[in-house]
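Visitor: I have some time for this one. Please take me through it, side chains first, then the fold.

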Amino acid sequence: MSIVAGVDFGTLSVRITLADSEKGSLGTCVAEYPLERRRSDPDLATQSHFDHMEALVLAMNRVTVKCGVDSKAVRAIAVDTTGSSVLPVDENMQPLGDYYLWCDHRAKAEAEEITAMAHDMHIEAIEWCGGTYSHEWGFAKLLHWMRHNPDQRERFGTAVEHCDMAAAVLTGVTDTARMVRSVCAMGHKWMWNPKWGGLPSQAFLSRVDPLFDGVREKIGGTYQTSASIAGGLSTYWGERLGLTPGIPVPTGAFDAHWDAIGAGCRLGDVVNVIGTSTCIIAVSERVRLIPGVCGVVPGSAHPDLVGVEAGLSATGDLFDAIARRAGTTVSKLAEGLESIEGGKTGLMRLPWDNGDRTVLVRSDLGGMTLGWHLGHTAQDELYAAIEGTAFHTRVILERMEQHGVPVNRVINGGGIPQRNDILNQIYANVIGKPILVPDGIPTGLGSGIFAALASKDHGSIESAQAAMCVGYRKFEPDPSTRGRYETLYQLFKQVYMGFGTSSLGDFSQVLGDIKRIAAGESIRSEFGHRSARKMALL
């Protein structure tokens, strides 16, 4: 039995969970750091590496005091982070600016150029990231940085993902050639895969932009799954954190992937890690292309299985925006949501306020609310937005199932499901399957599991999960809502595909159908007759 530390760097704070390798979480503490946004450039979202590391020290001090644990008793520390959060550094691993955070959307033009060139040159990698390279991902952000920081190009040593930078700093790496890079991060966001020899070719990258000349070699180092050790904790960081120098630091990964492991994800499970956005994580024994799904990477979430990643670009952020416009908070606005009858607000909310990550992969889409009348309230919109994120999740789950990913259990992980039972019930009703919710906070527990592997207290993910994961609360679908939600789901898909693809259909009956459903009228036969041909396209 050992005590290990699991570190989770989120969008606004770092959370450290101390865990007993045989009993699970002992306690958790957070420390916040600023996120830079600019009204003049709403796509910008940056953070300081130094702010991250100072917050790490503060959170470690807080959690050891809270848990009454001697920090020297910690036997391993593992780190997950947001991604793709990209930092350009010099040859000595010194930052050349701030992180392009995962939610920095300035690189839209660069992503479009990468996508177009990949299809023009028939680069296989583009098919394995859903057919579209995202502005949220590494190469797009790096190219944007190179174009907008000409005075820094000569100093450029490499670009690092936050999880890899954190592990490198903690283990004392000061040479870019000694970098250890996460298969999770590089596979899902940088088109890395051993299937085609690692990163895309230099010829392709240079065709995208000559500024990329030589960049493939610079993004070097060793690529490892999180079953491997990145190094031992350095003396400097051992002293700053109060930990024993030399304890193992495993190769890092993205927060959602490790959150899925911490939520108990196994073969046949899909985990919705619901926070500011939603990451949908599954594991599979087989490697298979899934159109519109942004990542299929061997060894990413689980070192021995194929990781599958999809998601929604806005979830908690969407709920916050609705409440903010109403001059209140989500918790206040949510009071009384349980009195609303599922599927009967008369509104349909498309959750595209931050674009579509999966399955359309379009950053230019915007949120829509259909069906407004003069009596509707912000609370109605919030309820419809929860339904909309559930409908969108169902679209994604069905796409995954169609391409060989089993969906036997659906687990709602992340922070929001812990405090929003209405959301969990709506998801169960919309998806038509029981929703499992960890009976305790899973955030940070995944990194604790990988720390327990590094400390040799467990020989497998499954062994660590059995000892350290919490149980579940279950939300069963309400059969009284089934008919309404099945009909609304077909309408949602019609609008989703109609506005999101070039096959714009006849929407002349959609608003009327939403009203009829809210009024309790049946439209099943009429809808089926009217829409059979259109729905065949979906």
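Guide: One cut-off before the side chains: a residue counts as buried under 20% relative accessible area, as exposed over 50%, and as partly exposed in between. Also, this is a predicted model.

Visitor: Fine. How many salt bridges does a search of the whole structure find?

Guide: The search finds 23 salt bridges. One of them pairs K344 with E341, at 3.8 Å from N to O.

Visitor: Is E341 buried, exposed or partly exposed?

Guide: Partly exposed: E341 has a relative accessible area of 45%, which lies between the 20% and 50% cut-offs. K344 is also partly exposed, at 26%.

Visitor: What does R147 form a salt bridge with?

Guide: With E110; their closest N and O atoms are 3.2 Å apart. R147 lies in helix α4 (residues 138–148) and E110 in helix α2 (residues 108–120), so the bridge ties together parts that are 37 residues apart in sequence.

Visitor: And how accessible are R147 and E110?

Guide: R147 is partly exposed, with 26% relative accessible area. E110 is buried, at 4%.

Visitor: Which residues are linked with R147 in a network of salt bridges?

Guide: The network links R147 with E110, E113 and D209.

Visitor: What about E398, which residue does it bridge to?

Guide: E398 forms a salt bridge with R394, the closest N and O atoms being 3.0 Å apart. The two are four residues apart in helix α13 (residues 378–402), so about one helical turn separates them. In general, residues three or four places apart in an α-helix point the same way, because there are 3.6 residues a turn.

Visitor: Which of the two is buried and which is partly exposed?

Guide: R394 is buried, with a relative accessible area of 9%. E398 is partly exposed, at 22%.

Visitor: Staying with α13, at what angle does α11 pack on it?

Guide: Helix α11 (residues 316–325) and α13 pack at an angle of about 170°, and their axes are 10 Å apart. That makes α11 roughly antiparallel to α13.

Visitor: Which residues meet there?

Guide: From α11, L318, F319, I322 and R325; from α13, A378, E381, L382, A385, I386 and T389. The residues of this contact divide into seven nonpolar, one polar and two charged.

Visitor: Different helix. How many of the residues of α14 are buried?

Guide: Eight of the 11 residues of helix α14 (residues 421–431) are buried, so the helix is largely enclosed by the rest of the structure. Among the buried ones are L423, I426, Y427 and V430. Just after α14 comes G432, with a positive phi of about 80°.

Visitor: That one is a glycine. Which residue other than glycine has a positive phi?

Guide: V361 is one of them, with a phi of about 55°. V361 sits in the loop between β19 and β20 and is buried, with a relative accessible area of 15%. K456 is another, with phi near 70°. K456 belongs to the loop between α15 (445–454) and α16 (461–468), and at 73% relative accessibility it is exposed.

Visitor: Why flag those?

Guide: Because most residues other than glycine have a negative phi, and most peptide bonds are trans.

Visitor: Then where is there a cis peptide bond?

Guide: One runs from G83 to S84, with omega near 5°; S84 is in the loop between β6 (74–81) and β7 (86–89). Another joins T358 and V359, with omega of about 10°. V359 is in the loop between β19 (348–350) and β20 (368–370), and the positive-phi V361 is placed between β19 and β20 as well.

Visitor: On to the strands. What order does the open sheet of five strands have?

Guide: β3-β2-β1-β6-β14, with mixed pairing. The edges are β3 (24–32) and β14 (253–254), each pairing on one side only.

Visitor: In what sense do β1 and β2 pair?

Guide: Antiparallel: β1 (residues 3–9) and β2 (residues 13–20) pair over seven bridges. F9 stands opposite V14 in β2.

Visitor: Which helix packs on the sheet?

Guide: Helix α1 (residues 49–67) does, touching β1, β2, β3 and β6, with its direction at about 140° to that of β3. Helix α5 (residues 162–170) lies across β1, β6 and β14 and runs at about 150° to β6.

Terms used. Residues numbered from 1 in each chain as written. Heavy atoms only, no water. Salt bridge = Lys/Arg side-chain N within 4 Å of Asp/Glu carboxyl O. Buried < 20%, exposed > 50% of the residue type's maximum accessible area, 1.4 Å probe, protein only. Axes fitted to C-alpha atoms, helices over the stretch in contact; angles between N-to-C directions. Parallel < 35°, antiparallel > 145°, perpendicular 65-115°, else oblique. Contact = heavy atoms within 4.5 Å. Nonpolar A, V, L, I, M, F, W, Y, C, P; charged D, E, K, R; others polar. Pairing = 2+ DSSP bridges.
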